[in-house]
Amino acid sequence: MKYKDLIKQMTLEEKASLMSGQNFWNTKAIERHGIPSIMLTDGPHGLRKQGGKADHLGLNKSLPATCYPTAATLANSWDKSLVYNVGQDIGKEARSEKVSVLLGPGLNIKRNPLCGRNFEYFSEDPYLTGELASEMVKGIQSNGISACPKHYAVNSQEHMRMTIDEIVDERSLREIYLTGFEKVVKESKPYTMMSSYNKVNGEFANENQHLANDILYSEWGFDGVVVTDWGGNNDRIAGLKAHNQLEMPSTNGITDKEIVDAINKGKLDESILDKAVDQLLSLLYKVRLDDKESGQVDYEDHHNKAVEAARQSMVMLKNEKNILPLKAGTKVAVIGDFAKNPRYQGAGSSLINPYKLSNPFDGLQKSSLKIAGYAQGFKRMGGKSSTLLEEATSLAKSAEVVLLFIGLDESKEAEGVDREDLKLAQNQLELVESLVKVNENIVVVLSGGGAIELPFADRVQGMIHTYLSGQGGGEAIVDVLLGKYNPSGKLSETFPIHYTDVPSSAYYPGHQATSEHKEGLFIGYRYFETANVPVRYPFGYGLSYTTFDYSDMVIDGLTVSFNLTNTGEVAGAEVAQLYIEKVDSKIIRSKKELKAFDKVYLEPGETKQVTLTLTKRDFSYYNPEKDWEVESGTYKILVGSSIQEIHLEETLEMEGVAPTVFLKTEFPNYAVANVKQIPNSEFEKIVGRKLPPKNWDRHKDLGMNDTINQAQYKNWLGKLLYHSIMFFHFFFKKIGKPLTANNVYFVINMPFRQIDRFSGGKVSKKNVERLLRWINR
Ligand code: BGC
């Protein structure tokens with residue numbers, strides 16, 4: 001132990017006191033030992049430092065900061081140095097505000113496109129997620145502060161996020177849900193990690209011995225501090241035993257006392273606490289800022305970098321008859337509320353108060369285009385208005401090209417709630433239908449943090465998805481539309497035609513108590529490619545104003561090289577992607593898997609050689625009985641511009657084992673990725689145990705870990721509690737306040753144990769226990 005001597009001088013109470021926060025955002029200091037307090041603050045795509053009242057749902061304003069594109073957006077850039085730079089800038093802003101731990105990046109896997117926080121996560125693919133999240137961690141930590149990758153692990157949904165038990169088989173856990181975290185830990189050495197609220201295979205993530213002790217600390221060699229998600233502690237002693245050194249926010253000493261009592265009663269070995277204190281002290285002394293220079297931030301420079309990040313992350317989905325880029329002097333009608341009121345970030349704990357905000361309309365007005373006019377077209381949040389629809393339709397008639405700004409509005413994506421569907425609001429769909437009838441040249445500009453159903457895709461000429469492009473998105477989209485910037489973004493997730501095509505659509509968001517990951521490995525493209533299901537836009541897809549040619553592939557050992565040439569007339573960047581495919585695999589396996597990529601910038605006519613290096617691990621699958629192993633035999637090496645556009649193909653022989661597990665012959669449905677209706681027996685076989693009860697036991701007395709939601713099955717008091725909250729939820733929805741409605745809904749899914757924590761001790765644990773006794777009567 002590094003701080004053995006200091007720890008010896010501390011009382012038991014002092015040591016325990018360090019294991020939880022001082023308040024919402026700070027750790028405790030102990031003056032007599034010179035132990036500093038540090039500040040932790042959100043969030044992934046900018047700094048959310050709250051000067052006044054604190055909360056973890058983005059309710060109270062934070063200090064102005066640069067709002068960069070969210071992770072889902074940045075992921076479309078496939079540009080590691082860009083993501084590093086964004087991390088570096090956010091870290092710089094954090095340091096200048098004396099924030100020692102920045103709570104991000106978020107790198108949960110997009111299991112299902114409905115997850116309300118997907119906009120904060122990178123991809124459906126673990127390799128891409130891990131590569132980009134590692135860069136962000138390195139960038140943040142280059143400022144001498146800590147990044148805090150989150151939420152470890154399998155935080156796949158917002159619905160019931162504090163209690164849901166995510167049931168996932170060990171192979172999918174390793175290959176899909178943990179690979180990104182593993183990469184981050186091994187490649188960028190974060191000083192902290194945030195555990196998630198949910199359970200994983202029966203145990204809360206924060207006290208999960210397997211996730212923390214076996215995997216994170218022992219296998220991967222993590223030597224930092226695990227921080228709970230805010231209010232994510234369940235059993236403090238179990239958490240401590242699973243390496244949760246810091247519980248946030250403050251518990252007003254309640255759980256510190258639990259630690260002291262457990263040691264006094266012989267239920268917890270003091271050496272476990274000492275070790276945790278040692279790890280925490282190592283963090284505090286490494287990232288304290290109270291004794292250091294803060295550094296200056298040039299916010300104008302950061303704004304320009306936010307514009308650049310947005311440009312690189314936009315994905316051109318359609319460009320029929322080269323309608324884009326728009327020529328100078330083109331008469332355009334600008335339609336859609338998003339043109340003037342951009343949607344550029346998501347709601348919840350990641351909500352940034354932007355230092356400055358650009359909007360597309362201002363940029364278009366200053367451009368070389370002739371603006372025929374602007375029409376709002378629709379009301380935000382789905383409100384009906386035939387006047388707006390008619391105004392827009394009549395404006396569209398007068399222009400050569402319609403620039404139509406639509407997207408998911410604020411209520412559709414937020415922390416704490418999942419999306420209900422993948423659709424745009426009905427009033428926006430009606431607007432599109434009306435416009436396509438009167439103008440043949442429609443260019444749709446989409447905003448939103450993820451996949452959207454696009455039923456009109458074949459009836460419009462151009463389409464660009466800006467995702468949630470941060471405070472500089474307005475400037476960036478104008479540059480892309482006018483060809484001042486050649487789009488180079490590629491989708492980091494699959495766009496299904498219909499939500500029902502999604503492999504987990506039948507299982508998501510699960511039952512009352514469990515969410516069964518029956519689709520196993522087959523999420524996103526792993527399913528669509530293997531099961532041969534058509535999609536709207538495939539993984540890795542995105543158009544450019546130029547064209548690229550791939551040639552001369554050579555494989556030398558595990559190094560793959562090829563030439564990439566810009567065959568068009570303008571400069572541009574291409575994301576070359578490498579997938580592997582096992583020929584005649586004997587085991588359950590995705591047809592293609594992304595294993596390497598590079599983004600290459602080329603002048604017209606220029607050729608560059610691209611070299612990508614693979615490792616043995618890239619060919620491996622996880623065998624829970626042993627370890628990572630390679631199936632012997634032939635592998636295809638596929639290089640292309642998306643998972644469906646493969647331009648070069650070679651084979652490679654690998655030596656390994658003849659697999660004895662996950663044999664296709666033993667799992668008939670998984671063998672062919674027929675995963676939408678997996679029978680319980682096949683899932684139990686792959687999970688290796690009987691499935692736990694999926695629903696709540698309505699007759700059981702409610703305890704601290706049960707939710708207010710469950711009170712609806714109890715006596716009149718429970719029903720009253722539940723229905724009053726639901727009443728407010730519907731009320732706020734009805735009066736057009738969906739964000740407030742979301743926050744009310746959040747309360748419904750809160751476990752009772754959280755009431756005393758979130759009321760800052762105003763409602764004591766004793767009172768919550770009393771309430772429970774009444775409800776259970
Ligand atoms: C979120 C975390 C966030 C924390 C602090 C939680 O509700 O899940 O991502 O960092 O609040 O705001």
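These legends accompany a set of close-up views of one predicted model.

**View 1. The domains of the chain.**
Let's start with the overall layout. The domain assignment splits the chain into domain 1 (31–206 + 215–238 + 282–287), domain 2 (305–516), domain 3 (544–682) and domain 4 (708–776). Notice that domain 1 is written as three stretches of the chain. How far apart are the centres of domain 3 and domain 4? Taken over C-alpha atoms, the separation is 48 Å.

**View 2. Helix 11 meets helix 15.**
Here is a pair of helices to look at together. Two packed helices are described by the angle between their axes and the distance between the axes. For helix 11 (residues 299–313) and helix 15 (residues 473–481), the axes come within 8 Å and cross at roughly 50 degrees. An angle that is neither under 35 degrees, nor over 145, nor from 65 to 115 counts as oblique, and helix 11 and helix 15 are therefore oblique to each other. Their crossing is right-handed. On the helix 11 side, look for His303, Val307, Ala310 and Arg311, which meet Gly473, Glu475, Ala476 and Asp479 of helix 15. Sorted by type, the residues of this contact are three nonpolar, two polar and three charged.

**View 3. Helix 19 beside helix 20.**
Now for another pair of helices. The axes of helix 19 (residues 716–734) and helix 20 (residues 738–748) come within 7 Å, crossing at roughly 165 degrees. Angles over 145 degrees count as roughly antiparallel, so helix 19 and helix 20 are roughly antiparallel to each other. The crossing of these two helices is left-handed. Helix 19 brings Tyr722, Ile725, Met726, Phe728, His729, Phe732 and Lys733 to the contact. Their partners in helix 20 are Pro738, Thr740, Ala741, Val744, Tyr745, Val747 and Ile748. Which kinds of residue make up the contact of helix 19 with helix 20? The count is 11 nonpolar, two polar and one charged.

**View 4. Helix 18 and its cover.**
This view picks out the buried residues of one helix. In helix 18 (residues 680–687), the buried residues are Glu682, Phe683, Glu684, Ile686 and Val687. What covers these buried residues? The cover includes strand 5 (165–167), strand 17 (514–516) and helix 17 (668–671). Just after helix 18 comes Gly688, with a positive phi near 85 degrees.

**View 5. Two cis peptide bonds before prolines.**
Follow the backbone into two loops. The peptide bond from Met248 to Pro249 is cis, and its omega is near -10 degrees. You can find Pro249 in the loop between helix 8 (236–241) and helix 9 (254–264). A cis bond also leads from Tyr508 to Pro509, where omega is near 0 degrees. Pro509 sits in the loop between helix 15 and strand 17.

**View 6. Positive phi at Lys98 and Met381.**
The last view turns to two residues and their backbone angles. Lys98 is not a glycine, yet its phi is positive, near 60 degrees. Lys98 belongs to the loop between helix 4 (80–96) and strand 3 (101–102). Met381, also not a glycine, has a positive phi of about 65 degrees. Its place is the loop between strand 13 (370–375) and helix 13 (386–397). How exposed is Lys98? Lys98 has a relative accessible area of 33% and is partly exposed. Met381 is partly exposed too, with a relative accessible area of 33%.

Methods
Residues numbered from 1 in each chain as written. Predicted model: local features only at pLDDT ≥ 70, side-chain atom pairs only at ≥ 80, totals over all residues. Heavy atoms only, no water. Axes fitted to C-alpha atoms, helices over the stretch in contact; angles between N-to-C directions. Helix = DSSP H or I, 4+ residues; strand = E, 2+ residues; numbered from the N terminus. Left-handed = near helix turned anticlockwise from the far one by under 90°. Contact = heavy atoms within 4.5 Å. Nonpolar A, V, L, I, M, F, W, Y, C, P; charged D, E, K, R; others polar. Buried < 20%, exposed > 50% of the residue type's maximum accessible area, 1.4 Å probe, protein only. Domains from an automatic or database assignment.
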